[in-house]
Amino acid sequence: SSVARHGYKTFIGWISENYINDGKLTVNQNEQANKDFITKDFLHNVFVAVTNNNLRGIYNVSSGTGTTVQDVLAGYVGSENLVLQGQNLPKTDQFILDNTKLKQATGLSLSKQEIDKYLAKCHQILDLFRKNNEKQL
C-alpha cells in the first residue's frame with residue numbers, strides 16, 4: 001500500500017492517531033481516488049435490516065456513490081490539516097459498488113449529505129481528543 005500507515009491496523013485508526021498526535025495528516029496516495037465510503041451508522045442499519053427481514057444472499061453494502069479520499073480525509077480532520085503529497089501518483093483501489101439489490105430489499109440508502117454530516121461529527125470528536133491530548137502534554 002502506498003499509504004504510510006505504520007503500525008495502524010485500520011484506516012480510521014491511522015487518521016485518528018496521526019491527527020490527535022500531530023495535528024496534521026500526511027497523505028501519500030492520490031487523493032482524487034474515489035472510494036465507496038459508508039458510515040458506521042449505515043452499516044449498523046444494514047445489519048439490523050438484514051436480521052429483521054431474515055435476508056439471505058449476497059448484498060453489496062455500499063453507498064453506491066464515489067467519494068474522493070480527499071473529501072473523506074478533509075471531513076475527518078479539516079482540509080487545512082491535510083498535507084497532500086499524492087497528486088502525481090496513480091489512482092489505485094478505486095471502487096464504487098452497485099447497491100441496487102440492498103436498496104430494494106431494505107429501502108436503505110446513504111446520501112452524500114449524510115456522509116458529510118457523519119464526517120463533520122467525527123471531526124468534532126477528533127478535535128476534542130486532540131485538545132485533550134494537548135492538555136496532557
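1. Contact here means heavy atoms within 4.5 Å. With that cut-off, the cover over the buried residues of α3 includes α1, β1, β2 (34-35), β3, β4 (82-84) and α5. The model is a predicted one, and the points below should be read as comments on that prediction.

2. Overall make-up. The protein chain has five helices and four strands. Their order along the sequence is α-β-β-α-β-α-β-α-α. The C-alpha trace spans about 50 × 35 × 30 Å along its principal axes. Of the 137 residues in the chain, 37% are buried. The accessible surface is about 8,400 Å², and carbon and sulfur atoms account for 51% of that surface.

3. Contact range. Take the contacts between residues at least 6 apart in sequence: 87% of them join residues at least 24 apart.

4. Helix α3. This helix covers residues 69-77. It is mostly covered, with seven of its nine residues buried. Those buried residues are Val69, Val72, Leu73, Ala74, Gly75, Tyr76 and Val77. Just after the helix comes Gly78, with a positive phi of about 90°.

5. The α3/α5 packing. Helix α5 runs over residues 112-136. The axes of α3 and α5 are 6 Å apart, and the packing angle is about 40°. The two helices are therefore oblique to each other. From α3, the residues in contact are Asp71, Val72, Gly75, Tyr76 and Val77. From α5, they are Lys112, Tyr118, Leu119, Ala120, Cys122, His123 and Leu126. By class, this contact has eight nonpolar, two polar and two charged residues.

6. Helix α1. This helix has twelve residues, 11-22. From first C-alpha to last it reaches 16 Å, close to the 16 Å expected at 1.5 Å a residue. Its buried residues are Trp14, Ile15, Ser16, Asn18, Tyr19 and Ile20. Their cover includes β1 (25-27), α3 and α5. Gly23 follows the helix, and its phi is positive, near 80°.

7. Thr67. Which strand holds Thr67? Thr67 is in β3, residues 67-68. Its relative accessibility is 2%, so Thr67 counts as buried. Beyond its neighbours within four places in sequence, Thr67 is in contact with Ala33, Asn34, Lys35, Phe37, Val72, Lys112 and Ile115. Of these, Val72 also belongs to the α3 side of the α3/α5 contact, and Lys112 to the α5 side.

8. Thr65. This residue sits in the loop between α2 and β3. Buried or partly exposed? Thr65 has 32% relative accessibility, and therefore counts as partly exposed; the buried class ends at 20%. Not counting residues up to four places away in sequence, Thr65 touches Lys35, Asp36, Phe37 and Ile96. Lys35 and Phe37 also appear among the contacts of Thr67. Thr65 and Gln87 are 22 residues apart in sequence, and their C-alpha atoms are 22 Å apart in space.

9. Asn54. This residue lies in the loop between α2 (40-52) and β3. Its phi is near 50°, which is a positive value in a residue other than glycine. A check of the backbone here could start from that value.

How values were computed
Residues are numbered from 1 along each chain as its sequence is written. This is a predicted model: local features need pLDDT of at least 70, side-chain atom pairs count only at pLDDT 80 or more; totals for chains, interfaces and linings use all residues. Side-chain values use heavy atoms; hydrogens and water are left out. Axes are lines fitted to C-alpha atoms, for helices over the stretch in contact, and angles run from 0 to 180 degrees between N-to-C directions. Angles under 35 degrees count as roughly parallel, over 145 as roughly antiparallel, 65 to 115 as roughly perpendicular and the rest as oblique. Ala, Val, Leu, Ile, Met, Phe, Trp, Tyr, Cys and Pro count as nonpolar, Asp, Glu, Lys and Arg as charged, and the others, Gly among them, as polar. Buried means under 20% relative accessible area, exposed over 50%, partly exposed in between (1.4 Å probe, protein chains only). Accessible areas come from the Shrake-Rupley method with a 1.4 Å probe; for residues, only the protein chains shown count as cover. The expected span of a helix is 1.5 Å times one less than its number of residues.
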